[in-house]
Amino acid sequence: RTRTSPKKKAAGERREPWPPGAVATNHWAAPTGMVDLRPEGADDPVAAALRRTVGHLRGLVRSWIPTMKWRPTLVYGARTYRPGSVVYPHVHGEEYPLCAVVCVDADPGAPAWPLEMYDRRDGA
């Protein structure tokens with residue numbers, strides 16, 4: 001995830017469309033943006049940095065669950081959140097048992113944005 005100033009867009013960012021009824025974030029009050037990992041230009045430096053980050057994350061995920069066979073199923077990009085954004089508790093579904101969240105960029109001096117994750121038994 002990234003957080004940027006209310007008026008400043010991240011390089012390559014586009015407004016993220018949400019389907020009707022989607023409630024994972026308060027996108028209706030604080031629209032989210034998306035920086036795609038597969039932009040039109042293969043030499044895009046933002047996409048290249050995101051691809052390197054994903055490669056690093058794959059190694060970390062393997063270290064978290066070394067005895068489980070797994071394969072990456074979904075990597076779509078970096079979502080941007082603005083001040084006032086809320087990500088509500090939600091489940092990605094059975095097909096996504098593990099999810100990685102990385103803070104790519106944050107405004108210096110901005111207050112920390114807490115991230116709480118819970119298991120199926122509501123244990124933090």
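Accessible areas here come from the Shrake-Rupley method with a 1.4 Å probe.

**Figure 1. The whole protein, shown as a predicted model.** Walk along the chain from the N terminus and the elements come up as β-β-β-α-β. That gives one helix and four strands to keep track of. On the outside, the accessible surface comes to about 9,300 Å², and carbon and sulfur atoms hold 58% of that. As for the inside, 23% of the 124 residues are buried. Take the contacts with a separation of 6 or more, and 65% of them turn out to link residues 24 or more positions apart.

**Figure 2. Arginine 79 in its strand.** Here we zoom in on strand S4, which spans residues 77–81 and has arginine 79 in it. Arginine 79 counts as buried because its relative accessible area is 15%, and the cut-off for buried is under 20%.

**Figure 3. Arginine 79 and valine 35 side by side in one view.** These two sit 44 residues apart along the chain, yet 6.5 Å is what separates their C-alpha atoms.

**Figure 4. What the side chain of arginine 79 touches.** One partner is glutamate 16: its side chain and that of arginine 79 are joined by a polar contact of 2.7 Å. Another is tyrosine 81, whose side chain makes a polar contact with the arginine 79 side chain at 3.5 Å. So this view has a buried arginine with polar contacts to the side chains of glutamate 16 and tyrosine 81.

Technical notes: Residues are numbered from 1 along each chain as its sequence is written. This is a predicted model: local features need pLDDT of at least 70, side-chain atom pairs count only at pLDDT 80 or more; totals for chains, interfaces and linings use all residues. Side-chain values use heavy atoms; hydrogens and water are left out. Helices (H or I, at least four residues) and strands (E, at least two) are DSSP runs, numbered from the N terminus. Buried means under 20% relative accessible area, exposed over 50%, partly exposed in between (1.4 Å probe, protein chains only). A polar contact is a pair of N or O atoms within 3.5 Å; within protein, one must be able to donate a hydrogen and the other to accept it, and residues adjacent in sequence count only if both atoms are side-chain atoms. Contact means heavy atoms within 4.5 Å.
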